[in-house]
Amino acid sequence: MRKESSTNAINEKQINDSCGMAYSLSILGGRWKPAILCRLMHQTMRYSDLKNGIEQISERMLVSQLRELEADQVVKRTVYPVVPPRVEYELTELGLSMKPMLEAMSNWGNMHRSKVSPGIETTVKT
């Protein structure tokens, strides 16, 4: 974790405060958040289903990314008081409002990939 007073942190804050696209990307960015959001766009999912559905993600990283998305009010976490405990994740109303943007990003990415790297197929579709 970097210091809030570092030049890098100050520059990031200034860009995020002045540019909506940069702010959006700061919420969506990273290796795993798009994969999580892609799955939650279609349905509410249990933690174990997310873990099993996203190959190579560690438990620590999945928990971290879900917590960040929850803190950004994009994902809602529901814990059911049953034994064994059941935890479900779903997009909030704010998260659902991102659906057109996420679909457009997915479509553009698939189009770009097909032009730049022909022959690579999409494994997860939105």
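At 46% relative accessibility, Leu 25 counts as partly exposed, a class that lies between buried (under 20% relative accessible area) and exposed (over 50%), computed with a 1.4 Å probe and protein chains only. The model is predicted, so local features need pLDDT of at least 70 and side-chain atom pairs count only at pLDDT 80 or more, while totals for chains, interfaces and linings use all residues. Residues are numbered from 1 along each chain as its sequence is written, and side-chain values use heavy atoms, with hydrogens and water left out.

Leu 25 is found in helix α2, where helices (H or I, at least four residues) and strands (E, at least two) are DSSP runs numbered from the N terminus. Together with Met 21, Met 101 and Met 105, Leu 25 forms a nonpolar patch on the surface, with about 390 Å² of accessible area in total. Two elements, α2 (20–28) and α7 (99–116), give two or more residues to this patch. Patch members have over 30% relative accessible area and no salt bridge (a side-chain nitrogen of Lys or Arg within 4 Å of a carboxyl oxygen of Asp or Glu), and nonpolar side chains are joined within 5 Å; areas come from the Shrake-Rupley method with a 1.4 Å probe.

Turning to the interior, the largest nonpolar core (buried nonpolar residues joined through side-chain atoms within 4.5 Å) has 23 residues, and those with the most contacts inside it are Leu 37, Leu 40, Val 74, Val 75 and Tyr 89. Helix α3 gives the most to this core, with four residues. Seven of the eight residues of α3 are buried, so this helix is largely enclosed by the rest of the structure; among the buried ones are Ile 36, Leu 37, Cys 38 and Leu 40. Tyr 89 touches, among others, Leu 40, Leu 50, Leu 66 and Val 75, not counting residues up to four places away in sequence, where contact means heavy atoms within 4.5 Å.

Tyr 89 also belongs to the sheet, as the bridge partner of Met 45 in β3. The open sheet of three strands has the order β1-β3-β2, with antiparallel pairing, and strands pair if DSSP finds at least two bridges between them. Because β1 and β2 stand at the edges, each with a single partner strand, one side of each is left without a neighbour in the sheet. A hairpin joins β2 to β3 through five residues.

| Strand pair | Sense | Bridges |
|---|---|---|
| β1 (residues 45–46) and β3 (residues 86–91) | antiparallel | two |
| β2 (residues 75–80) and β3 | antiparallel | six |

Within these pairs, Arg 46 stands opposite Glu 88 in β3, and Tyr 80 stands opposite Arg 86.

How values were computed
Patches are made of residues with over 30% relative accessible area and no salt bridge: like charges are joined within 9 Å, nonpolar side chains (Val, Leu, Ile, Met, Phe, Trp, Tyr) within 5 Å.
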